[in-house]
Amino acid sequence: MLGEVQFYPGRYAAIDVGSHSVLLLVADVDEEGRLTPVLECARHTRLSERFYVGRRLIRSARERTGEAVSEFTRLARRLSVDGIAAVGTSVLREADNSQEFRMQVRHECGLPIEVITGEQEAELAYLGNIHDRRLPPAEGERVVIDIGGGSTEIVRGLGQTILSRESFPVGAVRLTEQFIRTDPPSTPDCDRADAAIEEAVGKMAPLPPHSVLLGSGGTLQNLASVARLSGLVPMKEIHGAVLPHSAIMEMVDLFRSLPLKFRKRVPGLEPERADVILAGAMILHQTMAALGAPKIVVSANGVRHGCVYAMAQRARLTR
């Protein structure tokens, strides 16, 4: 349960320290829960680079990520925020030297990174979407899938009531580093990745009638951008766009056929994400198949939006 909704108006900042990217959101929230972004930034720092081999954060990845967190902390404070929070997800839950990295970041910028569980990550992804009036309402369940670099979260809810929340150890970076080692991706590599995804998400219950499936995260936004620029799916904006399952399958086939140097040139695809987009698209394809979902609504909201809403609801302020 997310509890009774009471918003404390103010300006809040959230930093999402993920396996692939560090994301900043500074936003104003009013008493009715309307969120107005003031500043949004992203840095592709790949904190999980080579992590899935040795289970440790390598120095260059720590340095890139630490610099991004410090930069975003300075930016947020310059905007006179009422509260600021930083959360760490999959890779920081698992890394042997996670605490060492977080202590270093706190020493450098004075901001603690709270490592959240997969279930908390799922709840924040859900919270980041349910108050957005630009997204379609649901007559039945609202289901949010958040595909990250190290894990995938799926949460089901009715209104503000969360019915279930799950975190699966399959993510775009994790699967790429573990299984997709040839360029272009070989059939055996893709088969092994598919098997890992199937083991993780294959037994999920199908969506009940009148459900709305929402997708957040860099994978979804990049797939929507590719679909838009290629003319595969007509859309005016990415946020709120609808991607049919058939379009996801077409993009999986496309990325499987292309060497990395050509994937980097695909219109709409961020070059920094070209090496992991296939794994992300494969996760989405299999998840939609398991849920029996013919389409998914793309959301630009995510964990950072959920953090802002959580601060505005609880008035837990940290300067």
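## What helix α4 packs against

The buried residues of α4 (buried means under 20% relative accessible area, exposed over 50%, partly exposed in between, with a 1.4 Å probe and protein chains only) pack against α2 (59-78), α3 (90-94) and β5 (113-115). Packing here is contact, with heavy atoms within 4.5 Å. This is a predicted model, where local features need pLDDT of at least 70, side-chain atom pairs count only at pLDDT 80 or more, and totals for chains, interfaces and linings use all residues. Residues are numbered from 1 along each chain as its sequence is written, and side-chain values use heavy atoms, leaving out hydrogens and water.

## Two sides of one helix

So who's tucked in? S98, F101, V105 and C109 are the buried residues of α4. Looking down the axis of α4, they fall within an arc of 70 degrees (taken from the directions from the helix axis to the C-beta atoms), so they line one face of the helix. On the face turned away from that buried side you'll find the exposed residues Q99, M103, R106 and H107. Right after α4 comes G110, with a positive phi near 75 degrees.

## Salt bridges

The structure holds 18 salt bridges, each a side-chain nitrogen of Lys or Arg within 4 Å of a carboxyl oxygen of Asp or Glu. One of them joins D28 and R11 (2.7 Å, N to O). D28 sits in strand β2 and R11 in strand β1, so this pair ties together parts 17 residues apart in sequence.

R43 and E71 also meet in a salt bridge (2.7 Å, N to O). Here R43 belongs to strand β3 and E71 to helix α2, so the pair ties together parts 28 residues apart in sequence. Helices (H or I, at least four residues) and strands (E, at least two) are DSSP runs, numbered from the N terminus.
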